[in-house]
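Hi everyone, thanks for making time today. I'd like to walk you through a structure you may not have met before, so please get comfortable and take a look.

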Amino acid sequence: MNLRRLLLSFVLVFTLLSSAVSASSFVYLTTTVDEIEASLPAEPVTVGFDVDDTVLFSSPGFYYAFSNTDGPNKTNKYGPKPLSSDLFWKDMSCDFDRFSMPKSSAREVIEMHKKRGDKIYFITARPPVKGEILTRELHREFKLEGQPSAVFSGKTSKAVFIKKYGLSLFYGDSDSDISEAHDAGIRAIRFLRSPISTNKSKYNPGKHGEIVLQNSEN
Ligand SMILES: [Mg+2]
């Protein structure tokens, strides 16, 4: 009898623990472009956006990185770890961004900042490469003129550039976008990823207590 009760309580504790551990999603509040606009001071500010999965749906290039069989003997041309390949990053930022698509949610936010006369930085964690076309594509797609070139932060925390350029608000889809903006002492707003993005890692909206932009998957 006692053994049965003991076993039952083990089962109960195990069930409770496993449901707590598997609950990896966080509760968060959402916001709109109008609300963000209303929260800003009247005078222009400097803001920043992450690139991949925030303002651009760049999965086509990343998909090719993992799926191609264009190397010798139909192997992956970037080797077993495409994201560690210098050649891949060169191809991505100097060529494949021709196939990256702007997100409509980003268009709305950027348009709002543009109208206010804000300075708009793009800060990507991609490694720096010579001959990038990312800046050109971003400025063309979002109709930006006189804005700074895209910043390729590589292995350096984005916090360094957020401070260096005096940003007061940063937008991003990855957990690190939010935590690094917080490290720099500024507000961060989360963009949701497209459900068909190839990037599934480090993505826990609400993890750092940040607000999420409504309908930002697209
Ligand atoms: Mg991103």
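I'll go from the overall picture to the sheet, then to the core, two helices and one loop residue.

Let me say up front that this is a predicted model. The average pLDDT across the protein is 93, and 89% of the residues score at least 70. One stretch deserves caution, though: residues 14-23 have a pLDDT below 50, and beyond near neighbours in sequence they make 0 contacts in the model.

Now the overall picture. There are 218 residues, and 33% of them are buried. The secondary structure comes to 8 helices and 9 strands. If you take the contacts with a separation of 6 or more, 70% of them link residues that are 24 or more positions apart.

Let's turn to the sheet. In what order do the strands of the open sheet stand? The order is 1-9-8-7-2-5-6, which makes 7 strands with parallel pairing. At the edges you find strand 1 (30-31) and strand 6 (151-152), each with a single partner strand, so one side of each has no neighbour in the sheet.

Let's follow the pairings across, beginning with strand 8. Strand 8, residues 187-190, runs parallel to strand 7 and is joined to it by 4 bridges. Here Y171 stands opposite I189 of strand 8. Strand 7, residues 169-172, is in turn joined to strand 2 by 3 bridges, again in parallel. There, V47 has L169 of strand 7 as its bridge partner.

Strand 2, residues 46-49, also runs parallel to strand 5, with 4 bridges between them. V47 turns up again here, because on this side it stands opposite I120 in strand 5. F49 stands opposite F122, also in strand 5.

From strand 5 we reach strand 6 through 2 bridges, and these two strands run parallel as well. I123 stands opposite V151 in strand 6. On the way from strand 5 to strand 6 the chain passes through helix 6, and this β-α-β crossover is right-handed.

Let me stay with strand 5 for a moment. How many of its 6 residues are buried? The count is 5, so strand 5 is largely enclosed by the rest of the structure.

That brings us to the core. In soluble globular proteins, nonpolar side chains tend to be buried together. In this model the largest nonpolar core has 34 residues, and the members that touch the most others are V51, F122, A150 and F170. Strand 5 gives this core its largest share, 4 residues. A second, separate core has 8 residues, among them Y64, Y78, W89 and M92.

Have a look at F122 if you can find it on the screen. Leaving out residues up to four places away in sequence, F122 touches F49, V51, L138, A150 and V151.

Next, the two helices. Helix 6 covers residues 134-141, and L134, E137 and L138 are buried there. Why do these three sit on the same side of helix 6? They cover an arc of only 95° around the axis, which puts them on the same side. As general background, an α-helix has 3.6 residues a turn, so residues three or four places apart point the same way. The buried residues of helix 6 pack against helix 4 (86-94) and strand 5 (119-124). Just after helix 6, K143 takes a positive phi of about 50°.

Helix 4 has its own buried residues: F88, W89, M92 and S93. Seen down the helix axis, they fall within an arc of 115°, so they line one face of helix 4. On the face turned away from that buried side are the exposed residues D86 and L87. The buried residues of helix 4 pack against helix 3 (59-67) and helix 6. W89 and M92 are also among the members of the second core.

My last stop is Q147, which lies in the loop between helix 6 and strand 6. Is Q147 counted as buried, exposed or partly exposed? Q147 has 18 other C-beta atoms within 10 Å. Being buried takes 20 or more, and being exposed takes 12 or fewer. Q147 is therefore partly exposed.

Which residues does Q147 touch, once we set aside those up to four places away in sequence? They are K119, I120 and H139. K119 is 28 residues away from Q147 along the chain, with 6.6 Å between the two C-alpha atoms.

To wrap up, I'd keep two things in mind: the open sheet of 7 strands with parallel pairing, and strand 5, with 5 of its 6 residues buried. Thanks for listening, and I'm happy to go back to any part of this.

Notes
Residues numbered from 1 in each chain as written. Predicted model: local features only at pLDDT ≥ 70, side-chain atom pairs only at ≥ 80, totals over all residues. Arc of directions from axis to C-beta. Contact = placed C-beta atoms within 7 Å. pLDDT = per-residue confidence, 0-100. Pairing = 2+ DSSP bridges. Core = buried A, V, L, I, M, F, W, Y, C linked by C-beta atoms within 7 Å. Right-handed = clockwise from strand over helix to strand, strands pointing away.
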